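Here are my notes on this one, written as numbered points so you can follow along with the structure open. Take them one at a time and find each piece as you go.

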Amino acid sequence: MKKLQDLITDEKIIHQGKSQIVKGISNNTEKVDKDYAFFAIKGTKFDGHNFVEEAIKKGATTVFIQQPELAEKIKKSFPDVNIVFSENTRKSLAIAANKFYDEPSKSIKVLGITGTNGKTTVSNLLAQYYEIAGYKVGVIGTINYRVADEIISSGHTTPDPIEWFKTLKTMKDKGANVVVAEVSSHAADQLRVYSTIFRGGVFTNLTQDHLDYHKTMENYFLAKREFFNQIQLFNPNAIASINLDDPYGKRIYQDFKDKIDTITYGLENGDFRIKNYKLSLFQTEFTAYYQGKDLTFKTNLRGFFNILNIASAVSLLIKDNFDLDFLVEATQKLKPIKGRFEVVEGKNFICVVDYAHTPDALENILKSLNAIKQNRIITVFGAGGNRDKTKRPLMGNVAERLSDIVILTSDNPRDEEPMDIINDILEGITDKSKVIIEEDRRKAIEKAVKIAKDNDIVLVAGKGHETYQIVKDKVLHFDDREVIEEILKEL
């Protein structure tokens, strides 16, 4: 419970109602209760200003609006309600949520990871390093929200501001002194983490994804850039780790090198530079050059892209004053992340489950598999419905170039017809003789496993850690790893 005055900053109370107490905050009328503050937000599908009256009838005694012309109508119908005018109700909601939940980021170390690919892996690696160092760590991300081994809720990349600050407070109350979070482009664009005091941020890369929302790559980049803008705005002593091999990373570095204490990493560029590496199916080894010294890292994580994931985590930890020898030693203890280059062994071949669902991620995993393959690569994948359609033929092209056999199937088709999605992917494939089409994902995986020969690699891409499939309005249980194991048992 808070006083209204404690939740506002630049906003103006344009009409004072009876109660100045705020027992809860919401931007969703379904979650409004007695003495709540309701924030009217214009979203991509709905405008919260159209639901102000409904929120008041459900118990809201304060409304935040950014359409001043509504004020007279509200005042006339509901004279007991506080009306607060805001230039930007998204921003106001984030600031109010932060204050309502007692500004948790003031007393815990919060680290944010953004980029198209690698967010989940890097955040989980950072969590492991901090845990090995003795910290109690919270993780907010795609797989789940957890503190140490206690799962708080199932995950999605970045929650709305209310859930974000509530989760930070819950984690703090459970004893976490570090929280590592994935920060999506949507979250930065929609100010979901605005006013958080981040200790630091990581930029992994930027490749095509989410153009259904951002429309252009430049808009997508500006949303990622906005995250670093917010970091430096609320913490003048923040640190950052940026991939300098990525052209968008170079732009972020140029924009923020004088505002944020930054370290860079990469294969060709960076303060922490990868010199050489060895890949195998069971271990990865690489040498990095940092401040005149060569450091050799060994890890059970597989694939070249995991070298860059480790480099991004290690470089941020260097900035956070971690000892280099500790980081080398801790890297050997890192555990693989669920659904990221996850290996399931068959009798004489292997299956790999990976979350790769963008052209770049699919290319990365396939290049890593090509570096260690002894025979053929059979790739099973689809693409999500109601999402960026322009990436589908690009993924088809990648799969054709880097696989011996491609099996096209369903991912999460949502409201689209699976064959329409498959046909979009096919547009990027020249040699159709390489392709097998099987809409049913279970049957597609079964086909791949049944045609696998000695020393083949079967890659099942796109869903990774997910344990569901979304078809129309149904959410069905589906776990790629589980399906593979069942099929192998049957065989």
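1. Start with S4 and S5 (residues 36-39): these two strands run parallel and are paired over 3 bridges. To find the spot by eye, look for Ile25, which sits opposite Ala37 in S5. Keep in mind throughout that this is a predicted model.

2. Now zoom out to the sheet around that pair. This open sheet has 5 strands in the order S2-S7-S6-S5-S4, and the pairing is mixed. S2 (12-15) and S4 (24-26) are the edge strands with a single partner each, so one side of each has no neighbour in the sheet. From one strand to the next, the twist averages 25°. If you're wondering what holds such strands side by side, they pair through backbone hydrogen bonds, either parallel or antiparallel.

3. Ile25 is worth a second look. The largest nonpolar core has 47 residues, and Ile25, Trp164 and Phe228 are the ones with the most contacts inside it. Which residues does Phe228 touch, not counting residues up to four places away in sequence? They are Thr114, Gly201, Val202, Phe203, Ala240, Ile252, Phe256 and Ile260. Apart from this core lies another one, made of 40 residues, including Ile239, Ile274, Phe304 and Leu308.

4. Ile260 also helps you place Asn235. Their C-alpha atoms are 8.8 Å apart, while 25 residues separate them in sequence. Asn235 belongs to the loop between helix H9 (217-234) and strand S14 (239-243). Is Asn235 buried or exposed? Its relative accessible area is 11%, so Asn235 is buried; the cut-off for that is under 20%. Setting aside neighbours within four places in sequence, Asn235 contacts Ile197, Phe198 and Arg199.

5. On to another sheet. This open one has 6 strands, ordered S19-S20-S24-S21-S22-S23, again with mixed pairing. Its edges are S19 (342-345) and S23 (435-437), each pairing on one side only. Ignoring direction, neighbouring strands here are turned by 20° against each other on average.

6. At one of those edges, S19 pairs with S20 (residues 350-354) in the antiparallel sense, over 4 bridges. Glu345 has Ile350 in S20 as its bridge partner. Helix H17 (residues 480-490) packs on this sheet and touches S19, S20 and S24 (457-461), and its direction makes about 10° with that of S19.

7. Elsewhere in the sheet, S21 (residues 377-381) and S22 run parallel, joined by 4 bridges. Phe381 stands opposite Leu408 in S22. Try looking along S22 (residues 405-408): Ile405 and Ile407 point one way, Val406 and Leu408 the other, and all of them are buried. That's the textbook pattern, since side chains in a regular strand alternate between the two faces of the sheet.

8. Next, a pair of helices. Two packed helices are described by the angle between their axes and the distance between the axes. For H13 (residues 359-372) and H14 (residues 391-402), the axes come within 9 Å and cross at roughly 10°. That makes H13 roughly parallel to H14, as angles under 35 degrees count that way. The H13 side of the contact has Pro359, Leu362, Glu363, Leu366, Lys367 and Asn370; from H14 come Lys391, Leu394, Met395, Val398, Ala399, Arg401 and Leu402. By class, that contact has 8 nonpolar, 1 polar and 4 charged residues.

9. A hairpin comes next. S25 (residues 468-471) and S26 (residues 474-477) pair in the antiparallel sense over 4 bridges, with Tyr468 opposite His477 in S26. There are 2 residues between the strands, and Lys472 in the turn has a positive phi of about 55°.

10. Finally, check the backbone at two loop residues. Gln291 has a positive phi of about 50° although it isn't a glycine, and it is found between S17 (284-290) and S18 (293-299). With 68% relative accessibility, Gln291 counts as exposed. Asn455 also has a positive phi, near 65°, in the loop between helix H16 (441-451) and S24. Asn455 is partly exposed, with a relative accessible area of 40%.

Key
Residues numbered from 1 in each chain as written. Predicted model: local features only at pLDDT ≥ 70, side-chain atom pairs only at ≥ 80, totals over all residues. Heavy atoms only, no water. Axes fitted to C-alpha atoms, helices over the stretch in contact; angles between N-to-C directions. Parallel < 35°, antiparallel > 145°, perpendicular 65-115°, else oblique. Contact = heavy atoms within 4.5 Å. Nonpolar A, V, L, I, M, F, W, Y, C, P; charged D, E, K, R; others polar. Pairing = 2+ DSSP bridges. Core = buried A, V, L, I, M, F, W, Y, C linked by side-chain atoms within 4.5 Å. Buried < 20%, exposed > 50% of the residue type's maximum accessible area, 1.4 Å probe, protein only.
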